[in-house]
Amino acid sequence: MDVLTEKQECSLILKESKACKSLVKNLSAYDNLDAKEKIIFLAGIFDGEGSFGVWGKGKNRKSFQCSVEMCDKEIIQRFLDLFGGSMSAVKIRRPHWKQTWKWKMSGEKAFACIGKMIEYMCKRRKDKYNVVKCNQISG
């Protein structure tokens with residue numbers, strides 16, 4: 001049985017502590033949020049960068065849709081991880097523009113997704129959501 005001296009034991013604890021700190025340091029602040037805090041964070045991004053509404057081709061092919069498009073692929077991945085939907089690279093529209101990524105959902109899942117975020121969005125978004133909600137119920 002190996003017996004460590006006090007100095008060796010302290011050295012071992014210090015190395016383990018540094019390894020833990022390194023691991024925690026590599027996690028982003030987002031990774032340490034609980035589910036509600038992640039929804040609030042993403043709602044803020046959606047409020048500024050996202051869009052939602054009833055769109056589609058043809059009278060009977062319209063559905064509720066929501067999407068976010070931006071250059072930060074990691075943020076788009078967070079929408080996908082938390083809410084589902086789909087993520088894709090968007091065709092670069094101009095040679096000097098950066099690659100953008102798009103997350104989108106449609107149908108009831110999209111409506112439920114916005115329902116989770118809407119209380120953390122601005123009045124303009126809330127008003128639009130309520131109009132769409134009323135149209136969905138009456139339509």
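## Salt bridges within and between helices

D127 is partly exposed, since its relative accessible area of 37% falls between the limits of 20% and 50% that separate buried from exposed residues. In this predicted model, the side chain of D127 meets that of K123 in a salt bridge, with 2.8 Å from N to O. K123 counts as exposed, at 59% relative accessibility. The two residues are four positions apart in helix α5, and about one helical turn therefore separates them. Side chains of opposite charge can pair when their charged atoms come close.

Helix α5 takes part in another salt bridge, in which R125 meets D47 at 3.5 Å, N to O. Here the partners come from two helices: D47 lies in α2 (residues 35-49) and R125 in α5 (residues 123-138), so the pair ties together parts that are 78 residues apart in sequence. Are D47 and R125 buried or exposed? Both D47 and R125 are buried.

## A salt bridge between a strand and a loop

A search of the whole structure finds four salt bridges, one of which joins R93 to E69, with the closest N and O atoms 3.0 Å apart. E69 belongs to strand β2, whereas R93 lies in the loop between β3 and β4; the pair therefore ties together parts that are 24 residues apart in sequence. E69 is partly exposed, with a relative accessible area of 24%.

## Overall arrangement of the chain

The chain contains five helices and four strands. Along the sequence, these elements follow the pattern α-α-β-β-α-β-β-α-α. Of the 139 residues in the chain, 26% are buried.

Contacts may also be described by how far apart the partners are in the sequence. Among the contacts in the chain with a separation of 6 or more, 52% are between residues 24 or more positions apart.

## The sheet

In what order do the four strands of the open sheet stand? The order is β1-β2-β4-β3, and the pairing is antiparallel. Strands β1 (50-55) and β3 (86-90) are at the edges; each has a single partner strand, so one side of each is left without a neighbour in the sheet. From one strand to the next, the twist averages 25°.

Six bridges join β1 to β2, and these two strands run antiparallel. Within this pairing, W55 stands opposite S63 in β2, while G50 stands opposite V68 in β2. Strand β2 also pairs with β4 in the antiparallel sense, over six bridges. The bridge partner of Q65 in β4 is S106. In a regular strand the side chains alternate between the two faces of the sheet.

## Packing of a helix on the sheet

Helix α4 packs on the sheet and touches β1, β2 and β4 (100-106). The direction of α4 makes about 105° with that of β4.

An aromatic pair also links α4 to the sheet strand β2: F64 is in β2 (residues 63-70) and F111 is in α4 (residues 108-117), 47 residues apart. The ring centres of F64 and F111 are 5.0 Å apart and the planes are at 85°, so the pair is edge-to-face; the angle exceeds the limit of 60 degrees for that class. F64 is buried, with a relative accessible area of 2%. F111 is also buried, with a relative accessible area of 14%, because buried means under 20%.

## Aromatic residues and charges over rings

How many aromatic pairs does a search of the whole structure find? The search finds nine aromatic pairs. F64 and F111 belong to one aromatic cluster, together with F46, F52 and Y129.

Aromatic rings also have charged side chains over them in this model. K73 lies over the face of W101, at 4.4 Å from the ring centre. Likewise, the charged end of R94 sits over the ring of W97, 5.6 Å from its centre.

Terms used:
Residues numbered from 1 in each chain as written. Predicted model: local features only at pLDDT ≥ 70, side-chain atom pairs only at ≥ 80, totals over all residues. Heavy atoms only, no water. Phe/Tyr/Trp six-rings, centres within 6.5 Å; stacked < 30°, edge-to-face > 60°. Buried < 20%, exposed > 50% of the residue type's maximum accessible area, 1.4 Å probe, protein only. Lys NZ or Arg CZ within 6 Å of the ring centre and 35° of its normal. Pairing = 2+ DSSP bridges. Axes fitted to C-alpha atoms, helices over the stretch in contact; angles between N-to-C directions. Contact = heavy atoms within 4.5 Å.
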